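Here are a few exercises to work through with the model open beside you. Try each task before reading its solution.

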Amino acid sequence: MQDPINENDKTPCLSAGSSTGQAALGVATEYAVRRLTPLECERLQGFPDGWTDIGEWTDSKGKVHKECSDSARYKALGNSIAIPPWNYVLQRLT
């Protein structure tokens, strides 16, 4: 049996994918792994809260679509770049 995780333990690097092709993004808690929420992912990448939550929307053909799912939000965040590192690099170029 494993010892419980305490606050001094370090969590290993997060993996963007696994051998099965499934995303493996999470936070280690006591005896379990908790998936990061879209809000936490937005904050980690430097976006404002709710940045990927576009809500109900209408496409060019007039069809109304429901609110954005968490899966769509994860996909949007995965296809974006993290802002803080780019701010750091670009500020050093000037």
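## Exercises on charge pairs and a surface patch

At 47% relative accessibility, Asp 49 counts as partly exposed (buried is under 20% relative accessible area, exposed over 50%, partly exposed in between, with a 1.4 Å probe and protein chains only). This is a predicted model, in which local features need pLDDT of at least 70 and side-chain atom pairs count only at pLDDT 80 or more, while totals for chains, interfaces and linings use all residues. Residues are numbered from 1 along each chain as its sequence is written, and side-chain values use heavy atoms, with hydrogens and water left out.

**Exercise 1.** Find the residue that forms a salt bridge with Asp 49, and state whether that partner is buried or exposed.

*Solution.* Start with the criterion: a salt bridge is a side-chain nitrogen of Lys or Arg within 4 Å of a carboxyl oxygen of Asp or Glu. Next, look for the partner: Arg 43 pairs with Asp 49, with the closest N and O atoms 2.8 Å apart. Finally, check the accessibility: Arg 43 has a value of 52% and counts as exposed.

**Exercise 2.** The structure holds three salt bridges. Work out which residue Arg 34 pairs with.

*Solution.* The side chain of Arg 34 meets that of Glu 40, at 3.2 Å from N to O. Then compare each residue with the cut-offs: Arg 34 is partly exposed at 36%, and Glu 40 is partly exposed at 27%.

**Exercise 3.** Describe the surroundings of Arg 73, beginning with its salt bridge.

*Solution.* First, the side chains of Glu 42 and Arg 73 form a salt bridge of 2.9 Å, N to O. This pair links distant parts of the chain, 31 residues apart: Glu 42 lies in helix α1 (residues 38-44) and Arg 73 in helix α2 (residues 70-78). Helices here are DSSP runs (H or I, at least four residues), numbered from the N terminus. Second, both residues are buried, Arg 73 having a relative accessibility of 11%. Third, list the contacts (heavy atoms within 4.5 Å): leaving out residues up to four places away in sequence, Arg 73 touches several residues, including Pro 38, Leu 39, Gly 50 and Cys 68.

**Exercise 4.** Which residues form a nonpolar patch on the surface?

*Solution.* The members are Ile 81, Trp 86, Tyr 88, Val 89, Leu 90 and Leu 93, with about 650 Å² of accessible area together. Now take one of them: Leu 93 sits in helix α3 (residues 83-93) and counts as exposed at 65%. Patch members have over 30% relative accessible area and no salt bridge, and nonpolar side chains (Val, Leu, Ile, Met, Phe, Trp, Tyr) are joined within 5 Å, like charges within 9 Å. Accessible areas come from the Shrake-Rupley method with a 1.4 Å probe, and for residues only the protein chains shown count as cover.

Definitions and conventions:
Helix = DSSP H or I, 4+ residues; strand = E, 2+ residues; numbered from the N terminus.
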